[in-house]
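Here is a short tour of the model, written for someone who likes to know how each value was obtained. Have the viewer open as you read.

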Amino acid sequence: EVQECETCTLPCQVERPCKHACPKRCHPGQCDPCAQPVESACHCKRTQLNFLCSELATIASGAPYEQKRRLSCGKVCHKQLPNCPHACARTCHAGVCPEEESCEELENVRCPCKRRKEKWACKQIQGALLARDGKRSYTAATILRLLECDTQCGKAASSSLKPSEQTAAAKNETADNAKVGETSAAEYTTLEDSTSRSKLSKADKQREREERRLARLAAQEEADAKKAMKARLQLAKKVLAVLLLIIGGLGCGLILFRVAAPGDL
Ligand SMILES: [Zn+2]
Ligand SMILES: [Zn+2]
Ligand SMILES: [Zn+2]
Ligand SMILES: [Zn+2]
Ligand SMILES: [Zn+2]
Ligand SMILES: [Zn+2]
Ligand SMILES: [Zn+2]
């Protein structure tokens, strides 16, 4: 209870539960709820929400359900999940992100030779990794070879690859190996055509670089071949010129010989 006193013209001196002073001049009775605008980060911390000071105090001391609701920005949480390359897909929420085993994002999984390909939900991939390797976590650089090779795989590998396909396969292999070296992710491997854009661009860049390098090498080889051809042509010309010179010289000699000693022939 605030003690009643004579009203004066000074600003209200009553201390309030928050750090803001009462904006009124000396007044009888209790102060109004604090109307200072304040900001508070939402659960996901990506948005600053606006409240009145007293409103925020009420929320903070209120029911947990109300706190959860009022402090959500209403947008997608988007926090990086700890065990997979994906972001939390839930609406801005209180507490830690839901267990990663509930992640529904789709990823390509392949067999060791990469012929077979299937789309699995992330939670399924994590379950398979956990069963196989004892840990569920994987990154965008991990090649998910979780399918078994079948009989078709052996056939495809041994026979019918055209030379062009073989080079392409070799190229992919190089890119993959480079990636594995980079991340030192043991025996898993990356999908070169994953659905996620960031991963796709990483794999694509790697392949693009490799392709550019090969193109450069090819161009270099072609230039070298042209140079060698030119040199050979020039040599041939020189040899021809010398031959003509010799023939010409012999012819002249013969004529001179005949002119000098016609009787002898
Ligand atoms: Zn007063
Ligand atoms: Zn206040
Ligand atoms: Zn006051
Ligand atoms: Zn938020
Ligand atoms: Zn995931
Ligand atoms: Zn989340
Ligand atoms: Zn296979």
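## Ground rules

A residue is called buried when its relative accessible area is under 20%, exposed when it is over 50%, and partly exposed in between, using a 1.4 Å probe and protein chains only. This is a predicted model, in which local features need pLDDT of at least 70 and side-chain atom pairs count only at pLDDT 80 or more, while totals for chains, interfaces and linings use all residues. Residues are numbered from 1 along each chain as its sequence is written, chains are lettered from A and ligands numbered from 1 in the order in which they are written, and side-chain values use heavy atoms, with hydrogens and water left out.

## The chain as a whole

The chain has 6 helices and 4 strands; these are DSSP runs numbered from the N terminus, with helices being H or I of at least four residues and strands being E of at least two. Along the sequence they appear in the pattern β-β-α-α-β-β-α-α-α-α. Of the 265 residues, 27% count as buried. If we take contacts (heavy atoms within 4.5 Å) between residues at least 6 apart in sequence, 44% of them join residues at least 24 apart.

## Two zinc sites before strand 1

For the metal sites, donors are N, O and S atoms within 2.8 Å of the metal (3.2 Å for Na, K and Ca), and sites may look incomplete since water is not among the atoms. The zinc ion (ligand 1) has the protein donors Cys-8 (SG) and Cys-26 (SG), at 2.2 to 2.5 Å. Both cysteines lie in the segment before strand 1 (37–41), so they tie together parts that are 18 residues apart in sequence. Cys-8 is partly exposed, because its relative accessibility is 36%.

The zinc ion (ligand 3) is held by Cys-12 (SG), Cys-22 (SG), His-27 (NE2) and Cys-31 (SG), at 2.0 to 2.4 Å. Its donor residues have the spacing C-x9-C-x4-H-x3-C. Cys-12 and Cys-22 both lie in the segment before strand 1, so this pair connects parts 10 residues apart in sequence. Cys-12, at 9% relative accessibility, counts as buried, and so does Cys-22, at 7%. The angles among the 4 donor atoms run from 105 to 113 degrees, and the site is tetrahedral. Four donors earn that label if all angles lie between 85 and 135 degrees; four count as square planar and six as octahedral if opposite donors are over 155 degrees apart and all others between 65 and 115, and anything else is irregular. For reference, ideal angles at a metal are 109.5 degrees for four tetrahedral donors.

## A zinc site with four cysteines

Which residues are the protein donors of the zinc ion (ligand 4)? They are Cys-42 (SG), Cys-44 (SG), Cys-73 (SG) and Cys-92 (SG), lying 2.3 Å from the ion. This site is also tetrahedral, with angles of 99 to 116 degrees among its 4 donor atoms, and its donors follow the spacing C-x1-C-x28-C-x18-C. Cys-73 and Cys-92 link distant parts of the chain, 19 residues apart, both in the loop between helix 2 (64–70) and strand 3. Cys-73 counts as buried because its relative accessibility is 17%; Cys-92 is buried too, at 5%.

## Two hairpins

Strands pair if DSSP finds at least two bridges between them. Strand 1 and strand 2 (residues 48–52) run antiparallel and are joined by 5 bridges, with Glu-39 opposite Asn-50. They form a hairpin with 6 residues between them, and Lys-45 in the turn has a positive phi of about 70 degrees. Strand 1 has a covered face, Val-38 and Ser-40, and an uncovered one, Pro-37, Glu-39 and Ala-41. In a regular strand the side chains alternate between the two faces of the sheet.

Strand 3 and strand 4 are likewise antiparallel and joined by 5 bridges, and Leu-106 stands opposite Ala-121. This hairpin also has 6 residues between its strands, and Lys-114 in the turn has a positive phi of about 75 degrees.

## Helix 3

The buried residues of helix 3 are Cys-122, Ile-125, Gln-126 and Leu-129. They sit on the same side of the helix, because they cover an arc of only 100 degrees around the axis, taken from the directions from the helix axis to the C-beta atoms. These residues pack against strand 3 (106–110) and strand 4 (117–121). Gln-126 has a relative accessible area of 0%, and its C-alpha atom is separated by 9.2 Å from that of Cys-103, 23 residues apart along the chain.

The 12 residues of helix 3 (residues 122–133) should span 16 Å at 1.5 Å a residue, and the end C-alpha atoms are indeed 16 Å apart; the expected span is 1.5 Å times one less than the number of residues. After helix 3 comes Gly-134, whose phi is positive, near 85 degrees.
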